[in-house]
Amino acid sequence: LPIYAYVTMPGIADLPVELFIDNIFPFLSAHDIVNLGTTNKFLNALSQDEAFWHRRIQKDFNFPGADTARQTGWLFLYKRLSNLQVYVWGYVCR
């Protein structure tokens, strides 16, 4: 076999995690990050990182997460805070 048959090309998983967490994800919306996570296992693991979502909630919503006992579910909470809905009882809009 030729020598190039043994050379493997680096993949996206060979890039440093910090590149995604610190330099790429902050510029993407939560929806885009979650969609990016559906492309492969490496990006799925990064898009589900609880520490990232905890920091993102603190930055985007000024959420004081330090005084909560929450350890998981930051992505779930971020999604809920991003799509707030207000229900008002007894009011009819015409």
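This note goes through the fold, the core and two residues of the structure above.

1. The model is predicted, so that local features need pLDDT of at least 70 and side-chain atom pairs count only at pLDDT 80 or more, while totals for chains, interfaces and linings use all residues. Residues are numbered from 1 along each chain as its sequence is written, and side-chain values use heavy atoms, with hydrogens and water left out.

2. The chain has 5 helices and 0 strands, where helices (H or I, at least four residues) and strands (E, at least two) are DSSP runs numbered from the N terminus. Along the sequence the pattern reads α-α-α-α-α.

3. Of the 94 residues in the chain, 20% are buried (under 20% relative accessible area; exposed is over 50% and partly exposed in between, with a 1.4 Å probe and protein chains only).

4. The largest nonpolar core (buried Ala, Val, Leu, Ile, Met, Phe, Trp, Tyr and Cys residues joined through side-chain atoms within 4.5 Å) holds 15 residues, of which Phe20, Phe25, Leu46, Phe52 and Trp53 touch the most other members. Two or more residues each come from H1, H2 (30-36), H3 (41-47), H4 (50-61) and H5 (74-82), and H5 gives the most, with 4 residues.

5. Leaving aside residues up to four places away in sequence, Phe25 touches Phe20, Ile33, Leu36, Leu46, Ser47, Phe52 and Arg56, a contact being heavy atoms within 4.5 Å.

6. Asp22 lies in helix H1 (residues 17-24) and is partly exposed, with a relative accessible area of 47%. Asp22 and Phe52 are 30 residues apart in sequence and 9.1 Å apart in space, C-alpha to C-alpha.
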